[in-house]
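Reader: I've got this model open on my screen and I'd like a close look at just one part of it. Could you pick a spot in the core and walk me outward from there?

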Amino acid sequence: MNRRTAHWTEADLPELQQARYLWENDEPAKALEFFERAAKRHPRNLMALLDAARALGNAHRLPEASALLTRASRVLEKSPQGLERLGQSYRMAYMPDLAAECFAKAVQHPECLESVIELTIYHERRHQLDRAESVLAPALARHPDVAPLKLLHARLQYRRGEWETAKSLYAAVSEDGQAHPYHRAQAYYELANLADKEEDYRGAYQYALYAKDQLRPIAKGLDGQNALWRERHKTLVRALSPELVSSWQSEVQATDKTPVFLTGCPRSGTTLLERVLGAHPQIQSFDELDIFPRFLCGAYFKDAAPDCTGEEALESCPERRLSELRASYWSLFGNHQKLGHETQVLLDKNPSASGSVPVFLKLFPHAKVLFATRDPRDISVSCFLRFLPMNAVSVSFLDAARTVDYVNAELSMGADLRDRMPAEQAVEVRYESVIDDLEGTSKNALNAMQLDWSHEVAAYRELNSPTYLEVTQPIHRKSAERWKNYAFAFESHWDEMSDLLGRLDYA
């Protein structure tokens, strides 16, 4: 039977099983080889097409992912459930608008609750609250006890200013023993932040502890991953020096568009900084695509021995691959949004990625690095109270001591890195300076990038359409020195940060 007449199937395949294993164990390049092989050998296997498309899209190879999903759509568009799967695949492949089109068709079917959830989130993040409510309301009427729907309803009520209604909805989910622990944790975190806004700081802390109790079983297996990467990154940072970067600059010509790597701890102001500077007409900004840290940095070390020193690791990549990685960097960003002729700076936001900066400078030795800095104590409190999906970083925020340890280690590595970089390429931007003097602080950052001031930067809230609610609000100082409200829980851990606080002038 030839391929044209073969029936569509959905059998799992050895190539897919191997690909998933490699993907889950942080070997995306090898995993992609197996995903692509499965899709090529089994062009009428829906599982192969969808898995490969999701992986390729997640790796920012959008044209290839789109081609596979177009092929799969011939079958999936015939049913609401198929449309839902297609929409989920488009979302995972960084094509949210195409995903929304699929979900909008699927929500007409009463059993497609995932489409309701996805489409409601899509509209809410774009601040289209009426449209979000119109999608959610019919499903909520049919399924009033489904936790994810109640969480979304609470979120929309909160956005409308109905805090008491939101609070009662979150409380109901948090107390629902039948709800998934992930949803209960999310509800507890929301209650924590509502309590914080009402200045009930002990209540906020207690709600956060309840949330973490729900997440600990989910977090099993993540412990230790971040510590391993931290040690690897330390060796790279210790190997860096201004002289080494200067020697790289003599070997590589500067590009006409400057890549700027924006990094810092979670909750240090990277999102605000990306939105503010991204409003500049000569800056094209990208929000946490993870292109370099996840997909290019690993490829850089393809030939490095596991036990090599930092110096050996930084010199392990042959020139041919360096050229390929540089080309891939520009190409993968271009798959999301073509760089305009007026663009002078590509601003690449990567929180928790300070340790990969030495490799970034090896690829782009003329690049700038922006370090978002904030009082480490405020970062610690914010990370502790914030709901974040469980991963190798957020697992460190499940208790106060480990939160402080993570923030101390990450910021200390960033400070070491700045000391080992050419001074003109390391640009520190303080969160407190941004909220106190947006224009002056932005001008300093722009000068470091050799750009003139633009009044569009001050109007960033009107010019951007951020999906982060916090950065759509006027800048205020409510988050500054927040740590003082939680001294009762964190004070015993601040001594660990004493050296860092002095080093960063926050003592």
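Author: Sure, let's start at one cysteine and work outward. Leaving aside its neighbours within four places in sequence, Cys265 is in contact with Thr270, Ile379, Tyr406, Val407, Glu410 and Leu411. Keep in mind that this is a predicted model.

Where does that cysteine sit? Cys265 is in the loop that runs between strand S1 and helix H15 (270–278). Its relative accessibility is just 1%, so Cys265 counts as buried, the cut-off for that being under 20%. If you want a sense of distance, pick out Asn25: it is 240 residues away from Cys265 along the chain, and the two C-alpha atoms are separated by 24 Å.

Now step back along the chain into S1 itself. This strand covers residues 258–263 and is mostly covered, with 5 of its 6 residues buried. S1 has a partner on each side. One is strand S3 (residues 345–349), which pairs with S1 in the parallel sense over 5 bridges. You can check that pairing by eye: Pro259 has Leu346 as its bridge partner in S3, and Phe261 has Asp348. The other partner is strand S4 (residues 368–373), which runs parallel to S1 and is joined to it by 4 bridges. On that side, look for Thr263, which stands opposite Phe371 in S4. While you're comparing residues along a strand, it helps to recall that in a regular strand the side chains alternate between the two faces of the sheet.

Zoom out a little and the whole sheet comes into view. It is an open sheet of 5 strands with parallel pairing, in the order S2-S3-S1-S4-S5. The edges are strand S2 (283–287) and strand S5 (426–430), each of which pairs on one side only. From one strand to the next, the twist averages 20°. Packed on this sheet is helix H21 (residues 400–419), which touches S4 and S5. The direction of H21 makes about 145° with that of S4.

That helix takes us to the cavities. There are 4 cavities of 30 Å³ or more in the model, and the largest has a volume of about 90 Å³. It is lined by 13 residues, and the closest to its centre are Phe371, Ala372, Leu411, Gly414 and Arg418. Two of those names should ring a bell: Phe371 is the residue opposite Thr263, and Leu411 is one of the contacts of Cys265. Which elements give two or more residues to the lining? They are S4 and H21, and H21 gives the most, with 5 residues. By class, the lining has 6 nonpolar, 5 polar and 2 charged residues.

One last stop, on the loop after S3. Ser352 is found between S3 and helix H19 (357–363), and it has a positive phi of about 60° although it is not a glycine. That is worth a second glance because most residues other than glycine have a negative phi. With a relative accessibility of 23%, Ser352 counts as partly exposed. Elsewhere in the chain, Tyr94 also has a positive phi of about 60° without being a glycine. You'll find Tyr94 in the loop between helix H5 (80–92) and helix H6 (96–106), and its 29% relative accessibility makes it partly exposed.

Notes: Residues numbered from 1 in each chain as written. Predicted model: local features only at pLDDT ≥ 70, side-chain atom pairs only at ≥ 80, totals over all residues. Heavy atoms only, no water. Buried < 20%, exposed > 50% of the residue type's maximum accessible area, 1.4 Å probe, protein only. Pairing = 2+ DSSP bridges. Axes fitted to C-alpha atoms, helices over the stretch in contact; angles between N-to-C directions. Contact = heavy atoms within 4.5 Å. 1 Å grid on protein atoms, 1.4 Å probe; cavity = no way out; pocket = protein on both sides within 12 Å on 5 of 7 lines; lining within 4 Å. Points joined across faces, edges and corners; volume = space filled by probe spheres on them. Nonpolar A, V, L, I, M, F, W, Y, C, P; charged D, E, K, R; others polar.
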